[in-house]
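This report describes the architecture of a protein model, proceeding from its domains to its strands, cores and chain contact.

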Amino acid sequence: MRRKLLTLAAFAAGSAMLLSGCAPSAPAGSGGDGSGSGDDVTLKVWSWRTEDIEKYNSIFDVYEKENPGVTVEFEAFQNTEYNQILTTGLAGSDGPDIPMVRAYGQLQPNIVAGQLEPIDGKVDGLDEIAPSVLAGAVGKEDGKTYAVPLATQTLQMFYNKDIFEQNDLEVPTTWKEFIKVNETLLASDVTPIALGAKDDWILPIFADIIGSGRYGGTEFEKKVLDGSTTFEDPDYVASLQLVDDMKKYMTPDVVGVSYTDSQIQFTSGQAAQFPGGSFEIATFSTQAPDMNIGSYQVPLPPQAVAEAPVTPAYADGNFAINSKSPNKEAALKLLNWFATPEFGQLVADELNQFSAVPGVEYSDEVMSEAWDNYEKNKAPYLLLVDFRYGEPLGTAVLGQQVQKMLLGEQDAAGAASTLQTGISQWFTPTK
Amino acid sequence: MSATNTRRSRHIGITLSKRTGLVFILTALILFTIFVLYPLLTALSYSFFNWTGIVRGDFSVLDNYVTLFTKLPYSEQVPNAFFNNVLLFVGAMVFQNTVGLGLAVLLHRLKRFKRFFQTIFTLPYLVSPLVVGYLWSLMLSPLFGPVNFILKAVGLEELAQPWLGNPATAIWVVVFVTAWQWVGFPVLLYGAALGGIPQEIEEAASLDGATSWQRFREVTFPLLTPAIGTVSVLTFIGAMEAFAIPYALGGSQGSPAGATDVLSLLFYRTAFESGASNAFGTSSAIATLLFIFIFGVAVFITWFMRKAERKLY
């Protein structure tokens with residue numbers, strides 16, 4: 001009797017476990033998926049901007065009002081895993097109609113795998129977008145355009161206007177003034193520059209904010225791409241040395257400070273300046289809505305190659321069409337809308353981002369100041385724009401090297417040559 | 001046949017018929033095959049191909065493995081990560097298992113509050129290791145964390161370092177946090193093993209005039225060999241596979257400067273964050289190599305411990 005009970009229990013437990021293991025998980029946010037007849041279409045848009053879900057929903061409400069019968073479903077995934085999630089989604093059957101895709105190098109695997117639809121000539125307004133921004137949406141091999149650029153990110157030095165006032169400081173316009181500003185701040189009990197060196201992705205950004213003018217921005221980009229120089233160029237090494245020189249103005253043992261710590265340092269007033277991207281503007285306005293923030297371009301150091309201070313920038317995010325989408329016509333229509341000034345204005349107003357579409361007004365003070373500076377003198381965020389087309393990524397190598405520099409384990413020349421060795425694994429200049 | 005019979009008669013419990021036993025095993029076997037064996041074999045097969053995203057390319061035999069040891073960044077990161085894994089294992093053996101053994105012995109002799117202490121020691125490993133790592137990273141923050149604040153308040157300013165920002169100390173923080181979380185594991189296992197040692201042997205030893213330390217060294221410790229073997233193998237596997245705590249403390253890059261990088265982090269980075277075209281091929285190679293290494297060493301340790309055990313009987 002006992003044995004029969006046990007056998008029964010074994011079967012029950014076993015089948016219960018098996019069934020739970022095989023049960024399909026409920027698809028997240030299912031609902032109708034465009035299988036309606038004729039007019040009613042649901043377009044699925046994927047992105048990594050989990051911070052902006054609500055804002056995108058209100059943006060798409062605008063589109064849905066203008067286009068009755070179309071529903072836009074916006075879904076966001078974790079940033080660091082998005083590339084893989086997207087690749088899998090595009091290959092499967094339940095993927096997005098319009099995925100937000102990365103720019104430049106990280107876009108290429110999806111293009112090469114034939115997962116995106118080329119859109120040359122099918123989207124009006126693409127020719128209005130700046131070529132350097134559009135370059136982030138182009139296939140490196142075939143030169144075709146695969147997406148509509150969403151935003152431009154600019155890199156600059158943010159500063160706390162109130163702290164500057166308290167210390168009688170003005171925005172520096174020469175390198176001497178820049179050093180003086182930092183020395184004054186160092187002498188007071190405020191950290192001059194907040195940097196989260198523990199998260200090494202911020203370090204190439206910092207290197208370009210401080211050093212792009214020194215190594216010559218766009219000119220240098222041209223020379224590296226056609227092979228007339230390498231990253232071991234003395235001007236580039238000198239720009240990395242500047243990063244090391246700035247160490248004294250950062251938190252002591254800055255490699256222990258995380259990126260989020262550094263943001264808190266700035267928004268709580270413990271640090272006076274924050275070298276960062278325009279993507280910080282939205283974060284700062286949420287974390288410290290009462291703070292008076294400004295931004296400036298770091299002045300040119302002695303022996304700088306550039307003629308005026310620059311704002312490094314890059315295209316950030318594009319909208320593409322899944323080549324397997326059953327709703328390509330409707331998707332193309334939405335993509336056309338993405339290239340209109342109307343959408344660009346929504347990007348500026350709702351998302352606090354610089355739209356890739358020209359002709360947009362930035363009402364936010366911080367944004368318009370940064371944008372005006374950018375329009376004065378542009379440069380590429382070199383390693384992200386041109387050196388992410390192979391493994392190892394230029395940004396990853398430099399990030400680690402700058403960390404080592406800040407720890408005292410590496411010097412500027414060594415960092416530059418490690419960067420050169422790293423990218424030479426896959427980069428060949430196009431003469 | 002007689003050996004198994006003696007083994008069985010030492011255990012108290014229900015003896016099952018062969019058929020019932022088979023049903024239990026079959027369920028586990030099916031789940032194991034679907035969720036462990038199948039992914040394992042497919043990962044092995046993936047590592048032999050070239051991938052573009054998730055489109056499989058040509059059969060590249062051992063190219064992915066060769067890449068791991070010859071091309072940057074892998075040729076530098078793989079040995080570095082492996083070294084850190086070994087450090088984690090040694091650190092766990094030295095700090096976690098010795099302290100665990102000591103605590104288990106002390107608890108064994110404790111008459112009152114035994115359960116209470118056992119619960120306290122095992123509480124940390126009921127918490128997700130990601131949460132543990134994250135909380136420790138907050139506590140050790142040089143700007144906002146309480147640890148440095150307390151050290152400075154007490155006057156130990158030289159110790160108030162950026163523990164997670166210094167490559168020399170960061171890996172030891174990982175060792176310490178892992179040991180802190182998992183100390184309950186050897187406490188439980190050794191505690192159970194100690195409970196299985198017949199009291200008469202200990203009494204006989206003390207009657208013969210052995211001191212407490214002599215008793216432990218000559219009697220208790222040798223009898224714990226099976227438990228030590230089990231704990232060592234499991235610690236080894238855990239140290240080689242460590243992911244959650246290094247990820248929470250150092251991020252997926254193994255900051256600072258790769259000092260907390262471990263093989264699982266390298267795998268995760270390569271597979272999901274690198275955006276490289278051949279991410280699947282290279283990461284499958286890493287995963288396969290890791291598996292073969294862990295399996296091989298685990299089998300070796302087990303064989304070695306069995307030999308040591310047999311010397312006892």
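## Domain contact in chain A

In this predicted model, 16 residues of domain 1 of chain A are in contact with 18 residues of domain 2 of chain A. On the side of domain 1 that touches domain 2, the elements giving two or more residues are β8 (311-320) and α15 (365-376) of chain A. The most is given by α15(A), with 3 residues. By class, this side of domain 1 divides into 7 nonpolar, 6 polar and 3 charged residues.

Each domain is assembled from two segments of chain A: domain 1 comprises 41-152 + 315-367, and domain 2 comprises 154-314 + 369-424. The C-alpha centres of domain 1 and domain 2 of chain A are 28 Å apart.

## Strand β3 and its partners

Strand β3 of chain A covers residues 98-101. A:I98 and A:M100 point one way from this strand, A:P99 and A:V101 point the other way, and all are buried. In a regular strand, side chains alternate between the two faces of the sheet.

Two strands pair with β3(A) in opposite senses: β1 (residues 41-47) of chain A runs parallel to β3(A) and is joined to it by 2 bridges, whereas β8(A) pairs with β3(A) in the antiparallel sense, also over 2 bridges. In the pairing with β1(A), A:W46 has A:P99 as its bridge partner in β3(A). In the pairing with β8(A), A:V101 has A:N318 as its bridge partner.

## Helix α3

Which residues of helix α3 (residues 82-91) of chain A are buried? They are A:Y82, A:N83, A:L86, A:T87, A:G89 and A:L90. Viewed down the axis of α3(A), these buried residues fall within an arc of 165 degrees, so they line one face of the helix. The elements covering them include β1, β3 and α4 (108-112) of chain A.

## Nonpolar cores

The largest nonpolar core contains 172 residues. Those that touch the most other members are A:V148, A:L195, A:F206, A:F319, A:L335 and B:V174. Domain 1 (41-152 + 315-367) and domain 2 (154-314 + 369-424) of chain A both give residues to this core, so it lies between them. In soluble globular proteins, nonpolar side chains tend to be buried together.

Neighbours within four places in sequence aside, A:F319 is in contact with A:I98, A:M100, A:A147, A:V148, A:L150, A:L335 and A:F338. Two of these contacts, A:I98 and A:M100, point one way from β3(A). A second, separate core has 5 residues, among them B:W51, B:A276, B:A279 and B:F280.

## Contact between the chains

The contact between the chains takes 39 residues from chain B and 41 residues from chain A. On the side of chain B that touches chain A, α2 (18-46) and α14 (263-273) of chain B each supply at least two residues. The largest share comes from α2(B), with 7 residues. By class, this side of chain B has 20 nonpolar, 16 polar and 3 charged residues.

## An exposed loop position

A:P289 is placed in the loop between α12 (280-287) and β7 (293-296) of chain A. Is A:P289 buried or exposed? A:P289 counts as exposed because it has 8 C-beta neighbours inside 10 Å, and the limit for an exposed residue is 12 or fewer. A:T267 is 22 residues from A:P289 along the chain, and the C-alpha atoms of A:P289 and A:T267 are separated by 9.2 Å.

Methods. Residues are numbered from 1 along each chain as its sequence is written. Chains are lettered from A and ligands numbered from 1 in the order in which they are written. This is a predicted model: local features need pLDDT of at least 70, side-chain atom pairs count only at pLDDT 80 or more; totals for chains, interfaces and linings use all residues. Two residues are in contact if their C-beta atoms, placed from the backbone, lie within 7 Å. Helices (H or I, at least four residues) and strands (E, at least two) are DSSP runs, numbered from the N terminus. Ala, Val, Leu, Ile, Met, Phe, Trp, Tyr, Cys and Pro count as nonpolar, Asp, Glu, Lys and Arg as charged, and the others, Gly among them, as polar. Domain bounds come from an automatic or database domain assignment. A residue is buried if 20 or more other C-beta atoms lie within 10 Å of its own, exposed if 12 or fewer, and partly exposed in between; C-beta atoms are placed from the backbone. Two strands pair if DSSP finds at least two bridges between them. A nonpolar core is a set of buried Ala, Val, Leu, Ile, Met, Phe, Trp, Tyr and Cys residues joined through C-beta atoms within 7 Å. The arc is that of the directions from the helix axis to the C-beta atoms.
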